[in-house]
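The following exercises are to be worked with the sequence and the structure at hand. Each task is followed by a solution in steps.

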Amino acid sequence: MAPHSAFETNTVEQKVKTLVNAHLKSILKKENLLVSGVKVALQRRINDQLHLHADNQDLNRFNRLKGFIMNPESMNSPAAPYPLNQSPYSNFPQVAGPRPIFKDSPFYTILQHLTPVQECKVREATRDTIECKIILKPDVADKLVSEPDLRVMIFCASEPISHFSKVDVAFPHQVEIKVNLDEVKANLRGLKNRAGSTRPADITNLLRKRAYYENSMTLTYALTHKKFYFVVNLVRQHPVEELVAKLKSGKTISKDQVIREMISKAQDTDVQAIGSIISLKCPLSTLRIDVPCRSTICTHNQCFDATSFLQLQEQAPTWTCPVCNKTVSFEALEIDLYVDDILKSTPKTIDQVTVEPDGKWSRISEHGARPKAGHDSSDDDEDLVEIKDPPRVTAVKNEMANGSISMRTPPTSSREQSATSSVPPPSIGTKRSVSAVIDLTSDDEEENPRHPKKSATPAYLTTPTHSSPGNGRAQPVANSLGSFGPYNPPAEPNYIQRGYPHR
């Protein structure tokens, strides 16, 4: 006999007073009672039926009626809260044939089914919609609220399905899922041409986490060439931090084991053993490795960061080694204590180390600082040649620095018989060849040489001039054309071609 506290009617009667006529009539229909009359009459019939079940100590019928009153929207559900020893989805059509068995994942563990397996038939040229109801039992609803690691996820798989093999999660290519009229925002395709890279769709945040509430779900798909099967499961999620802690407490690759493998490879006569470089950066995140791990099936010593690798697999589960691209599994991952010792023995500024065939390692920076073999650093001074500027170039530099260069016509003796007088050349005060004057501030590649304007009068008919040391003015110089013959103008001096800077 059930205890008297199980038949508490006061709270239920108060709830009856808040129901509208439509809900009252629906409850009476479920109890096979008369539905006609005013609202007070409807409420009286429900309360009388409630007390009848309590007086008869019929706990099943009492809880059934109580469930209708406390949650009247769940009355139209075929999985109404009828607390008998039967499945809440016994009225749902069950899929004939084998049911999909999904591959295990370290990120979640399937606890129970929340819906029966639904079949999506082939639709090669049309679209179809599958409707489903997700009804949570009281214990499941309470746990979803109190335990954040419990999640509700949609699993889907395609043919072929068998009892003897596990399948990957795979949704139709064109699919849309809505829960309580809210669209599910999730990547339902995974990576291109990578089977098994799709994650189940998490719909926990879209559900009404109330006992016996009828959560509606619709799955619309199109253009499929094979059948798909989906089911909603309650799972327990395992975060990345938990998996990393599991790796640390599990099996490890010892330092001595790594050194023995290196020496064994070095003793192979068919292979010439040389030193190798191990990067202390993760190939996935490009950051310094924190928890070095690698698969036991891999033959390389290069490690990757466990946290970065598991975070990537949680988003797109490819389960391939980022170093050698071999297929790995979570069970095959182990912490490498040899690389872990290197990480603890080096500062964070060191990114690479050199590992010798006997297992000894050294920093890359130490090798870079060593001099080359057979090379004496004292001989470097003998090979150095000091290049000095010519005296004339030095004089030009000094005068440019002192600002004593003036743009005047150079003497005749220093430039022979120049025919160009339109651009005044510099006067330095000492006689020297014009070819020694070099412009150190210009670049032939950056600017084109500026040519002086040609005088209409031939150059050989002009009167040469020379600079007067007293006032710096140009003075005419006598020149006999007959003693030298026909005059051929020389090439333009460098200071005219390069455009000597004016101050």
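**Exercise 1.** Determine in which strand Ile134 is found, and whether Ile134 is buried or exposed.

*Solution.* Begin with the secondary structure: Ile134 belongs to strand S3, residues 127-135. Strands here are DSSP runs of E with at least two residues, helices are runs of H or I with at least four, and both are numbered from the N terminus. Next, consider accessibility: Ile134 has a relative accessibility of 0% and is therefore buried. The term buried denotes under 20% relative accessible area, exposed denotes over 50%, and partly exposed lies in between (1.4 Å probe, protein chains only). Finally, turn to distance along the chain: Thr115 is 19 residues away from Ile134, and their C-alpha atoms are 6.4 Å apart.

The model is predicted, so local features require pLDDT of at least 70 and side-chain atom pairs count only at pLDDT 80 or more, whereas totals for chains, interfaces and linings use all residues. Residues are numbered from 1 along each chain as its sequence is written, and side-chain values use heavy atoms, with hydrogens and water left out.

**Exercise 2.** Identify the residues with the most contacts inside the largest nonpolar core, and list the contacts of Met217 beyond four places in sequence.

*Solution.* First, define the set: a nonpolar core consists of buried Ala, Val, Leu, Ile, Met, Phe, Trp, Tyr and Cys residues joined through side-chain atoms within 4.5 Å. The largest such core has 74 residues, and Ile154, Ile203, Met217 and Leu310 have the most contacts inside it. Second, apply the contact criterion, heavy atoms within 4.5 Å, to Met217. Outside its neighbours within four places, Met217 touches Ile130, Glu131, Cys132, Ile134, Ile154, Ile177, Lys178, Val179, Phe230 and Val232. Another core, of 14 residues, lies apart from the largest one and includes Leu24, Ile27, Ile46 and Phe62. Of the contacts of Met217, Cys132 is buried, with a relative accessible area of 2%.

**Exercise 3.** Establish the strand order of the open sheet that contains S14, and the sense of each pairing.

*Solution.* Two strands pair if DSSP finds at least two bridges between them.

1. S10 (residues 252-253) and S14 (residues 333-336) run parallel and are joined by 2 bridges; Thr252 stands opposite Ile335.
2. S12 (residues 292-295) pairs with S14 in the antiparallel sense over 3 bridges, and Arg294 has Glu334 as its bridge partner.
3. S12 and S13 are antiparallel, with 2 bridges; Pro292 stands opposite Asp305.

The result is an open sheet of 4 strands with mixed pairing, in the order S10-S14-S12-S13. S10 and S13 (304-305) are the edge strands, each pairing on one side only.

**Exercise 4.** Explain why Cys282 forms no disulfide with Cys293.

*Solution.* A disulfide requires a pair of cysteine sulfur atoms within 2.5 Å. The closest cysteine sulfur to that of Cys282 is in Cys293, at 8.4 Å, so the two are too far apart for a bond. Cys282 is buried, with a relative accessible area of 2%. A search of the whole structure finds 0 disulfides.

**Exercise 5.** State what the confidence is over residues 366-385 and 465-470, and how many contacts the model has there.

*Solution.* The score pLDDT gives the predictor's confidence in each residue, from 0 to 100. The protein averages 76, and 65% of the residues score at least 70. Over residues 366-385, pLDDT stays under 50, and the model has 3 contacts beyond four places in sequence. Residues 465-470 also remain under 50, with 19 such contacts.
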